Amino acid sequence: MALSKKQSIAIGVIAAAVVAVVGGGVAIGLNRPAEAVAAPEPSASAPAIDWVHTAAVPDAVAALEASGFTPIEPGKLTVAVGAFVPPLSYVPDGETLPAGTEPNFGSLIAEGLGLEYNPVVVAWADWPLGIQSGKYDLITSNVTVTEERKELYDFASYRQDLLGFSVRSDSAIETIEKADDISGLKVVVGSGTNQEKALLSWNAELTAAGKAPAELNYYDDNAAATLALQSGRVDATFGPNATAAWAAKETGETKLVGIIPGGWPLQADIAAATKKGNGLIEPVSIVLNALIEDGTYADVLNVWNLTSEGVDTSRINAPGLPKS
């Protein structure tokens with residue numbers, strides 16, 4: 001079957017979201033893209049986007065000076081970033097470093113602190129040791145706050161971790177928010193993910209009520225999963241909201257019909273992380289709250305169609321997902 005340009009984008013973006021799994025407690029989302037590499041190839045999955053910028057935040061600069069924190073490189077904030085798929089982080093055509101929500105938040109934090117943004121592309125498995133050893137000052141790479149991680153890192157939240165149900169844009173399905181909404185549907189979900197855990201719980205509820213459970217469909221091949229949705233062999237996909245929302249905006253071939261917390265049934269936060277007790281997190285949180293207050297924060301989310309994941313305030317070491 002020949003694919004349109006929009007379908008090709010959908011395969012590369014939506015399907016990647018379907019099976020992404022995160023380590024550390026039960027956090028699930030794109031904050032552990034196993035495929036992420038340290039030297040990514042440019043991607044044509046999304047156009048280059050003008051970055052949102054800010055000026056230094058005086059209160060944050062003063063707090064940084066008072067904190068005793070010393071950047072790895074003088075005058076610079078070395079930020080670990082990933083390179084996965086839009087809208088979180090990706091390498092646009094003609095570029096060598098990632099763009100997207102996560103790199104942009106990293107650059108805004110650096111600018112707000114009066115420092116030069118110094119991004120380093122890091123594979124997911126490498127950032128924990130890199131932060132602990134002082135190789136990177138900060139990470140902004142869709143990291144979920146968990147109680148286990150809080151033992152080693154300090155966090156300043158900047159997004160909600162959400163999961164989303166996607167259907168074809170011409171589907172009659174308008175809402176998927178609870179167990180009754182998936183009764184009898186064929187839903188693509190990643191094996192061993194928190195998404196699967198939620199659907200199995202909903203199916204148990206349906207069975208107990210004498211209603212037809214959903215048929216869960218597992219695909220080893222991401223492209224096949226997306227084609228199954230586009231061809232009508234399945235009714236919906238269930239994965240991270242961020243990539244699904246972006247794909248819906250860019251291709252017009254899917255629509256989001258339901259969002260639930262990424263740590264279902266618990267809410268999860270996405271946050272910038274640094275080595276615990278190094279003094280950096282308070283100034284970072286001051287910058288993020290200043291961005292929220294002056295509207296710069298909303299500008300970033302609007303660019304990437306992620307207003308649904310916005311927060312009203314940046315919290316330091318917010319309650320994390322419990323240890324498994």
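Reader: Which residues of α3 meet which residues of α9?

Author: In this predicted model, α3 and α9 touch through side by side sets of residues that can be listed for each helix. From α3 the participants are L108, I109 and G112. Their partners in α9 are V284, V287, L288 and L291.

Reader: How many residues of the contact of α3 with α9 are nonpolar, polar and charged?

Author: Gly counts among the polar residues, whereas Val, Leu and Ile count as nonpolar. By that division, the contact of α3 with α9 holds six nonpolar, one polar and no charged residues.

Reader: Are α3 and α9 roughly parallel or roughly perpendicular to each other?

Author: The axes of α3 and helix α9 (residues 281-294) come within 9 Å and cross at roughly 105°. Angles of 65 to 115 degrees count as roughly perpendicular. The two helices, α3 and α9, are therefore roughly perpendicular to each other.

Reader: What distance does helix α3 reach from its first C-alpha to its last?

Author: Helix α3 covers residues 101-112 and has 12 residues. At 1.5 Å a residue, the expected reach is 16 Å. The computed reach of α3 is close to that expectation, at 16 Å.

Reader: How many of the residues of α3 are buried?

Author: A residue counts as buried under 20% relative accessible area. In α3 the buried residues include T101, E102, P103 and N104, and F105 and G106 are also among them. The helix is mostly covered, and the number of buried residues is 12 of 12.

Reader: Which residue just after α3 takes a positive phi?

Author: The place to look is just after α3. A positive phi of about 75° occurs there, and the residue that takes it is G114.

Reader: With which residue does the side chain of E102 meet in a salt bridge, and why does the pair tie together parts that are apart in sequence?

Author: The side chains of E102 and its partner R159 meet at 2.7 Å, N to O. Because E102 lies in helix α3 and R159 in strand β4 (residues 153-168), the pair ties together parts that are 57 residues apart in sequence. E102 counts as buried at 1% relative accessibility. At 2% relative accessibility, buried is also the class of the partner, R159.

Reader: Which residues are linked with R159 in a network of salt bridges?

Author: E309 forms a salt bridge with R159, the closest N and O atoms being 2.8 Å apart. E309 lies in the segment after α10 (296-303) and R159 in strand β4, so this pair ties together parts that are 150 residues apart in sequence. Both E309 and R159 are buried. The residues linked with R159 in the network are E102 and E309.

Reader: Is E147 buried or partly exposed?

Author: The side chains of E147 and K150 meet in a salt bridge at 3.1 Å, N to O. K150 counts as buried, at 15% relative accessibility. E147, at 30% relative accessibility, counts as partly exposed.

Reader: How many salt bridges does a search of the whole structure find?

Author: Side chains of opposite charge can pair when their charged atoms come close. The pair of E147 and K150 is one such salt bridge. Over the whole structure, the search finds 11.

Reader: What is the relative accessible area of W127?

Author: W127 has its place in helix α4 (residues 127-133). Leaving aside its neighbours within four places in sequence, W127 is in contact with V122, Y136, I139, V143, R149 and Y153. W127 is buried, and its relative accessible area is 2%.

Definitions and conventions. Residues are numbered from 1 along each chain as its sequence is written. This is a predicted model: local features need pLDDT of at least 70, side-chain atom pairs count only at pLDDT 80 or more; totals for chains, interfaces and linings use all residues. Side-chain values use heavy atoms; hydrogens and water are left out. Helices (H or I, at least four residues) and strands (E, at least two) are DSSP runs, numbered from the N terminus. The expected span of a helix is 1.5 Å times one less than its number of residues. Buried means under 20% relative accessible area, exposed over 50%, partly exposed in between (1.4 Å probe, protein chains only). Contact means heavy atoms within 4.5 Å. A salt bridge is a side-chain nitrogen of Lys or Arg within 4 Å of a carboxyl oxygen of Asp or Glu. Axes are lines fitted to C-alpha atoms, for helices over the stretch in contact, and angles run from 0 to 180 degrees between N-to-C directions. Angles under 35 degrees count as roughly parallel, over 145 as roughly antiparallel, 65 to 115 as roughly perpendicular and the rest as oblique.
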